[in-house]
Amino acid sequence: MTGLLEWARRIRELGILLALGLVVLVTAMSNPLFVSGQSVRDLLLNTSLVALLTVGQTMVVLTRNVDLSVGSVLGLSAFLTAGIFVRHPELSIPVGLAIGVVVGAACGALNGALVAVGRVPSLVVTLGTLYVFRGLDYAWAQGKQINAGDLPDALLAMGGGRFLGVPYLVLITLVVIAVAALHLHGYRSGRELYAIGSNPEAAVLAGIAVRRRVLTAFVASGAVAGLAGTLWAARYGTVDATAGTGLELQVVSAVVVGGVAIFGGSGTVTGAALGALLLTTISSALIVLRIPAFWQQAITGALLLAAIALDRIVALRLAATLRRRSRGVSA
Amino acid sequence: MKAKDFLRWETALFVLLVLIGVVGAARTGGGFLAGQNLFYLGLDIGEIAIMALPLTLVIVAAEIDLSVASVLGLSSALIGALWNAGWALETILPLVLLVGAVCGAFNGVLVTRMGLPSLAVTIGTLALYRGLALIVLGDHAVADFPATYTRFGTTPLPGTPIPYPIALFGVLAVVFGLLLHATAFGRAVFALGANEEAARFSGIRVKRNKEILFVLSGVLSALAGIVYTFRFSSARADNGTGLELAVVAAVLLGGVSIFGGRGTIGGVILAVLVLGALRNVLILADTSTEVLTVVTGLLLLASVLAPAIIQGILNRFKRPIEGAPS
């Protein structure tokens, strides 16, 4: 049975890679510059923030929940940390990143507490906090904007810098993905997230601390979004209260396109990150192919629907196969 | 006990509404209660109120539709694009309502025939329908509509102080109230939300009924799009962006359980008025729109948390029944 599940997962990630290859190929045929070093680097850089957010979102979705507030958490953290950097330009970069993480984790803890302790569906909670966090961001910003000139050079250097040709942002994202993948795959607390999402009642009976795990998943999602907020400030240099608006849709789409079941219990962070890469590549390809940007949102929505439907079909097939097999064994 | 609960919730909403009215009138030196202000308040809640009616039924049936504001936007964009193309409004408006029905049916079919969660489906169509709106109209605004159509955004119903959209809402509210509380269909909707399995065994056509609910939601969202377009005399693809929060907030604040099976149209109407009045008072008090958003978000959270907290407190005073599952 695990072999079968493993197979279904592999096929999914293979499918994304195939789609990715196809998009790149078609676009490169129309404009070879699409596969130049600089263009690929830009693509990875554009993907990194969304891919980062998919890591936390994956952990939440695995538990059969959803975190729609990530874009707002990113915005709030971006404005707060950028503001701190303006007042304290001597602040070291790691401390700045840590502040972002703490701000995000606090937001995540509020979401998680409302979901796990208040027993309110995560959709409603995070839809509410999406607006609450964004509103706090606006109230704090008061219409002001922080510009690159106000930010310390060290921060901007981190946002634009590279190590061995790879942008720092991409490296940070890869490290976070690796840590999360290791945790989900190799640690009991990680495996338990899958158990909770597969069957919440069974997870309770199996003695899993469901509330604590769900709370942790939300804190992780918030922390990652907070980290992404600081990185946003470093990357773009300008921050106003609208940073990251609407990002939640891209993140949820990437996660679902990347093969994380919206019903919980199955999926990987690498798949989700590949989903983010595919979505970003498609939107870049649209620009290169001179298709109006207006198509982007419709395509994102259609892809999301297709991924959910595909997910359901695979799950039904799998269930049917498993039933046939178990019947074969008992007969 | 259920009836008593509803009564309490609706009474609480009514008291809240009166309180907002009194405080509002006191803080604004009576400006809140001025006819002109109440007229604008009525105009302002029109679309939210219209979309909240079918969404109430959808949520009572334990589903959700987050695509309502995008259908509103698509409907607005279609009006603009077709008007630009030289079509007559008499042709455009029925067509737009039909497109709304198709959008709703698409949601419904994905939910019922493919067994997908409505939350995921309507997050997808929230993006898809808004995207289609952008494809149809791009980022232009169409504003040259005839005064016959745009007038109702500035004038009341002849001989009364009531804005046209509110009159429309009043009629629809009666229709939906009767539909939910006085017909077999309404009872089926409650049954669906309370226990879908049991509803199926008792012969209720689950899929068919849910599809009807999503179609109703689509049609009335398109209608809200028409109202919105002519009220501002501006057809835009981004009209009503984010409005789904206000609609969901109104329904949940109205005492409809997000888990399905419980809720009343009356409660939702009161909640729409509470949210509208609160918004209006805050605007009169020169509060920024950002604070309004925070308040809406907080009210949404409070309205879903309140039942859980009340239940928790009640449980504390209740002796556990032996052998009952906890």
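User: Is Glu211(B) buried or exposed?

Analyst: Start with the general idea: a residue counts as buried under 20% relative accessible area, exposed over 50%, and partly exposed in between, using a 1.4 Å probe and protein chains only. Glu211(B) has a relative accessible area of 15%, so it is buried. Keep in mind that this is a predicted model, where local features need pLDDT of at least 70, side-chain atom pairs count only at pLDDT 80 or more, and totals for chains, interfaces and linings use all residues. Residues are numbered from 1 along each chain as its sequence is written, chains are lettered from A and ligands numbered from 1 in the order in which they are written, and side-chain values use heavy atoms, with hydrogens and water left out.

User: Which residue forms a salt bridge with Glu211(B)?

Analyst: A salt bridge here is a side-chain nitrogen of Lys or Arg within 4 Å of a carboxyl oxygen of Asp or Glu. For Glu211(B) the partner is Arg113(B), with the closest N and O atoms 2.7 Å apart. This pair links distant parts of the chain, 98 residues apart: Glu211(B) sits in helix H10 (residues 206-231) of chain B, and Arg113(B) in the loop between helix H4 (89-112) and helix H5 (118-137) of chain B. Helices are DSSP runs of H or I with at least four residues, strands are runs of E with at least two, and both are numbered from the N terminus.

User: How far apart in sequence are Glu192(A) and Arg188(A)?

Analyst: They are four residues apart, about one turn of the helix, and both lie in helix H8 (residues 188-198) of chain A. Their salt bridge has its closest N and O atoms 2.9 Å apart. Glu192(A) is buried at 10% relative accessible area, whereas Arg188(A) is exposed at 65%.

User: How many salt bridges are there over all chains?

Analyst: The whole structure has 12. Some join up: Glu63(B), Glu196(B), Glu197(B), Arg200(B) and Lys210(B) are linked in a network. Within it, the side chains of Glu197(B) and Arg200(B) meet at 3.3 Å, N to O.

User: How many salt bridges are counted between chain A and chain B?

Analyst: Zero. There are, however, three residue pairs in polar contact between the chains, both residues at pLDDT 80 or more. A polar contact is a pair of N or O atoms within 3.5 Å; within protein, one must be able to donate a hydrogen and the other to accept it, and residues adjacent in sequence count only if both atoms are side-chain atoms.

User: What area is buried between chain A and chain B?

Analyst: The size of an interface is often given as the accessible area lost when the parts come together. Buried area uses a 1.4 Å probe and is summed over both parts. Here it is about 3,000 Å², and carbon and sulfur atoms give 87% of that. In chain A, Tyr131(A), Phe294(A) and Leu305(A) lose the most area to chain B, together 22% of what that side buries. The contact, meaning heavy atoms within 4.5 Å, takes 32 residues from chain A and 39 residues from chain B.

User: What is Arg64(A) like in its backbone?

Analyst: Its phi is near 70°, a positive value in a residue other than glycine. Arg64(A) lies in the loop between helix H2 (37-62) and helix H3 (70-87) of chain A. Chain B offers another case: Ala62(B) has a positive phi of about 65° although it is not a glycine.

How values were computed. Buried area = accessible area lost by both parts, 1.4 Å probe.
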